[in-house]
Amino acid sequence: MKQISRRTVLTAMGALGTMTVAGCADDEPSQLDPSSTHVVEGDGGSGSSASGSSSTGSEGSGDASSEGGMRQVQLDSPDAMRGRWAAYTAVVLAASDNSESSRAEDGDWIFQHELGPWAMLVRFKDGKALLAGQANADIVRDLTQEKKIRSALVAGAPKWWGALDTALPDTARIGFVLGWDGKTWQGLAPSVSNFDALPFYPKSQQACGEQLVMWGSKAEGSYTGSAKAAADAAMRAGTQLTAAQLKKLGPGIQSARVKGALTAAKAYEGKGKH
């Protein structure tokens, strides 16, 4: 699958001159597909980060061997996040050549941060959902260690969480799993899951709105005034986003990319298929 460098993404946003990103090199692509392989030869629990420093397969707050328990997670329902997720996807596609950004695929939703961290919402026919992903884009872990981490992340969870292994390939290096039972989200304590470290923009209107303005204004605007109004309108429209609403976000929106962006937003309609 095609990948683009972190420098390319930031250049497309018009933000390269004002942002400093560790390890931002043209030959260091960000992970654009949750199924991309990060397998390395070794002892199953360690590897090297992109910057060359040593890191374990469950680094920092993502250490699934830590003691912890299930907790309720304050996160909006999938339906409430749909409009934000769809709008974010459309804006990134309309403002850059990042053709493999956040997207909806066959009923599931994928969030792809421009620097690599990702999340995938696995949606079920009955309305349940699993949100799995990784806050550390540079994680390396072999298949044996990945299996252990996944087992730890779903320990004590309802049996239906077991669908994770069939929904996500074993090459996806997971750092957290949250489950939506139709009423609440649950996940392991922060000492086990690294969800809290993920810059997950669809989680709130504020976070998503700021991103819509940044991409739309080429990183020169702020989420206030008319820009805020335009971003809020885009999130409310969600899957029904129009070309006019998209273009109101600013000069960063490329007319030639609008049609594809609107199609990508509409793909978030429909129910889950698992």
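**Exercise 1. Which residue takes a positive phi in the hairpin of strand 6 and strand 7?**

*Solution.* Start with the turn itself: the hairpin of strand 6 and strand 7 has five residues between the strands, and G127 takes a positive phi near 100 degrees there. Bear in mind that this is a predicted model. Next, check how the two arms are held: strand 6 and strand 7 run antiparallel and are joined by six bridges. For a concrete pair, take M120, whose bridge partner in strand 7 is A132.

Now do the other arm. Strand 5 and strand 6 also pair in the antiparallel sense, over four bridges. Q112 has W118 in strand 6 as its bridge partner. In this hairpin, with five residues between the strands, G116 has a positive phi near 120 degrees.

**Exercise 2. Work out how strand 6 sits in the structure, buried or exposed.**

*Solution.* First, sort the side chains by direction. In a regular strand they alternate between the two faces of the sheet. Here W118, M120 and V122 point one way from strand 6, while A119, L121 and R123 point the other way. Then look at burial, where the cut-off is under 20% relative accessible area. Six of the six residues of strand 6 are buried, so strand 6 is largely enclosed by the rest of the structure.

**Exercise 3. Lay out the open sheet: what is the strand order, and which strands are at the edges?**

*Solution.* Seven strands make up the open sheet, and reading across gives 3-9-8-7-6-5-4, with antiparallel pairing. The edges are strand 3 (70-73) and strand 4, each of which pairs on one side only. As for the twist, neighbouring strands of this sheet are turned by 25 degrees against each other on average, ignoring direction.

Zoom in on one pairing to finish. Strand 7 (residues 129-134) and strand 8 (residues 176-180) run antiparallel and are joined by five bridges. Within strand 8, F176 stands opposite G133.

Then add the helix. Helix 2 (residues 78-95) lies across strand 4, strand 5 (108-112), strand 6 (118-123), strand 7, strand 8 and strand 9 (185-188). Its angle to strand 5 is about 55 degrees.

**Exercise 4. Follow the edge strand 4 into its loop: where is R103, and what does its side chain contact?**

*Solution.* R103 belongs to strand 4 (residues 103-105). With a relative accessible area of 12%, R103 is buried. Its side chain makes a polar contact with the side chain of E105, at 2.7 Å.

Carry on to D106, in the loop between strand 4 and strand 5. D106 is exposed, with a relative accessible area of 58%. Its backbone deserves a look too. Most residues other than glycine have a negative phi. D106, by contrast, is not a glycine and has a positive phi near 55 degrees.

**Exercise 5. Describe helix 6: what is its span, which residues are buried, and what do they pack against?**

*Solution.* Begin with geometry. Helix 6 (residues 225-237) has 13 residues and reaches 19 Å from its first C-alpha to its last, close to the 18 Å expected at 1.5 Å a residue.

Next comes burial. The buried residues are A230, A231, D232, A233, A234, M235 and A237. They pack against helix 2, helix 5 (205-216) and helix 7 (243-247). D232 has 9% relative accessibility and therefore counts as buried. Leaving aside neighbours within four places in sequence, D232 is in contact with Q205 and Y223.

Finally, inspect the flanks. G238 follows helix 6 and has a positive phi near 55 degrees. In the loop between helix 5 and helix 6 you'll find K218, which has a positive phi of about 60 degrees although it is not a glycine. At 41% relative accessibility, K218 counts as partly exposed.

**Exercise 6. Zoom out: how many helices and strands does the protein chain have, and what fraction of its residues is buried?**

*Solution.* Count the elements: eight helices and nine strands. Of the 274 residues, 53% count as buried. The accessible surface is about 12000 Å², with 50% of that belonging to carbon and sulfur atoms.

For contacts, take those with a separation of 6 or more: residues 24 or more positions apart account for 69% of them. As an example of parts distant in sequence, G260 and A94 are 166 residues apart along the chain, with their C-alpha atoms separated by 7.7 Å. G260 lies in helix 8 (residues 255-266) and, at 44% relative accessibility, counts as partly exposed.

Terms used
Residues numbered from 1 in each chain as written. Predicted model: local features only at pLDDT ≥ 70, side-chain atom pairs only at ≥ 80, totals over all residues. Heavy atoms only, no water. Buried < 20%, exposed > 50% of the residue type's maximum accessible area, 1.4 Å probe, protein only. Polar contact = N/O pair within 3.5 Å; in protein donor to acceptor, adjacent residues only side chain to side chain. Contact = heavy atoms within 4.5 Å. Areas by Shrake-Rupley, 256 points an atom, 1.4 Å probe, with all protein chains shown as cover. Pairing = 2+ DSSP bridges. Axes fitted to C-alpha atoms, helices over the stretch in contact; angles between N-to-C directions. Expected span 1.5 Å × (residues − 1).
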